[in-house]
Each structure stands twice: as structure tokens, then as C-alpha cells.
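Trainee: I'm new to this one. Please pick a single part and walk me through it closely.

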Amino acid sequence: MSRIVYVNGEFLPEEDAKISVFDRGFLFADGVYEVSTIIDGKLVDNGAHLARLERSMKELEMDQPCTMEKLEAAQHELLRRNDVKEGGLYLQVTRGAADRDFAFPKEAKSSLVMFTQAKAVIDNPAAKTGISVVTMPDIRWQRRDIKAIGLLPASMAKQAALKAGADDAWMIEDGYVTEGSSNNAHIVTKDGVLVTRALSNKILHGITRKAVLALAEETGITVEERSFTPEEVGEASEAFITSASMFVMPVTKFDGEPVGDGQPGPVSTRLRALYVAFARDSLS
Ligand code: PDD
């Protein structure tokens, strides 16, 4: 049975779901997106994802395709029609279809597309071993705080990491780690301090990052929001990534060397468990 996809007010079998070749998402990557995780057929921390979506659209002067209430109702209808228990709900808003012109069109109506993907999130086997990452230059644009659909640099970084025999890339700019190809990057120092890059236009303001930092502080872990170098990762006792789809995922190998003792450490393991509990409490 094929998936049911949402396209501009309609719920269609995926093979019938179509977008114009003049859509500015297709021609200019003129669009924004969100990925909300699905657990027990419901959405994790979805209000925070919708708030970030609103901000991304505003930053790009993009009209909302519909009210946020309607959008949320469509998310729930999509979940109902697809009967996905665990995975992700992807949604994308583009500026819509217009004759090709660099200037933002006056007439175009923004378009909204959504689909679900089934995937094991909580029992991801990688959480038991951790993942390996390698460093890459960060060649992305300067508005990484906007969750825009122009993901080719991130896709290239991921592909280069796989080619190098690793699972993912951590991107480096001016000697400091910015973030992972599709996740936020964190380390735990030998003194037990959680170090993570401060929010700016240099990184995406991760929804999972925010929740995990609050959980860390609640349990008495000191959090330092500052840039850190690849050398500090080499000296750290733990490293981990956060994202909607990975939750908290230990990084046990960095540029070919073990991080700490090369096993998922106590802080990342604890934070993952706390985040799973938080995620369950946030379902809507
Ligand atoms: N990626 N940084 C980047 C560059 C990202 O693409 C993502 C999310 C994150 C983590 O943000 P959040 O915790 O809100 O998911 C950080 C999503 C999952 C994706 O593109 O599939």
C-alpha cells in the first residue's frame, strides 16, 4: 500500500502527489522545512517545531500557506491516514509556483507538502555503540538559523563522511566545530561540563538541543554555550549529537580516534534516557 501524502489541502497516494516544475522550491531551493518525530503515532515537541517554522517563514518574508492551526490539523490527519507508529513527519513550505525570476514573486501562493517516514527511533541500535564522525570544512551559507531546504552542502558532507568510512560529518569553520551535517554537536569535558556552540546564524537552533540542555541543567550538569575546537573533541570524555530523528546519539569515534574510552559514556546515555521520557511527555 502506498503512502498518503499531503499536497496543498489534498491527501493523495504518493504516486499522484505532484508539484509544479515552476515551484520556487524546485528552481531556487526557496523553501523551509521541519521534521517532527513520531512516537506512538503522535508528534514529539511539535509546538516547538511549528514555532521554528513560523520564524523561518518570517525571516524569508514567505507567506504562510494556511493558519498554523490548520497546518497542525493536517499533520494529525496525515498521521491518521498513514497509521505510522514511529518515524518522522516531514513538512515543507515553499514560496510557490511563479515564472522564473530571482525577485520574490508578488502573486505566488506558498505551497505546503507533508509526508511520513516509518523508522525505529527509540530502539535505534546505533545508540548502543555510538557513531563515528569525521571533520569537514563547513561550506554552507550564513543563515543556518533558518531551516531552509537548500541542503546540498549538508548532503555532500554526509556523503563524504560515508566515503571516508564514517557515519557522519562535523563541520568546521574558522577552527571551530559548527554542527553535524543534520544535527547539533556537543562534547562533555573531562570535568563533566557539557560544551555546545552558542546560538547564532552559524547553526540551526535545534529543538532537541534546547530540550536536552534544559534536562542537563535540571540534573545538575554544568552547560557552557561556547564554540569548541576539534582538538577539544580529542580531549573530551564524551561527544554526542542531538536531532529530532536521532534524539541524543553518542559519538564514539572522531576523525578515526576513540572519544574517551570509545564507548557511549554515562552523560550521553543518561541524557538520551531523559530525552526519551521528555519526548513521551511532549506527545501531541
Ligand atoms: N535535521 N542542525 C542541522 C543542520 C539540522 O539539519 C538539524 C535537524 C539539527 C537538529 O535540529 P532539531 O533538533 O530541531 O531536529 C541541527 C533534521 C532532523 C533533518 O534535516 O532531517
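**A look at the core**

Mentor: Let's start outside: the protein exposes about 13,700 Å², with carbon and sulfur atoms supplying 54% of that (Shrake-Rupley areas, 1.4 Å probe; for residues, only the protein chains shown count as cover). Keep in mind that this is a predicted model, where local features need pLDDT of at least 70 and side-chain atom pairs count only at pLDDT 80 or more, while totals for chains, interfaces and linings use all residues. Residues are numbered from 1 along each chain as its sequence is written, and side-chain values use heavy atoms, leaving out hydrogens and water.

Now go inside. Of the 284 residues, 52% count as buried, meaning under 20% relative accessible area, against over 50% for exposed and in between for partly exposed. The part to look at is the largest nonpolar core (buried Ala, Val, Leu, Ile, Met, Phe, Trp, Tyr and Cys joined through side-chain atoms within 4.5 Å). Among its 23 residues, Leu53 and Leu91 touch the most other members. Strands S3 (31-39), S5 (87-94) and S6 (111-118), plus helices H2 (46-59) and H3 (68-82), each bring at least two residues to this core, and H3 gives the most, five. Those are DSSP runs numbered from the N terminus: H or I of at least four residues for helices, E of at least two for strands.

Zoom in on Leu91. Beyond its neighbours within four places in sequence, Leu91 is in contact (heavy atoms within 4.5 Å) with residues including Val32, Leu50, Leu53, Leu71 and Leu112. Apart from this core lies another, of 21 residues, among them Val121, Val267, Leu271 and Ala279.

Terms used. Buried means under 20% relative accessible area, exposed over 50%, partly exposed in between (1.4 Å probe, protein chains only).
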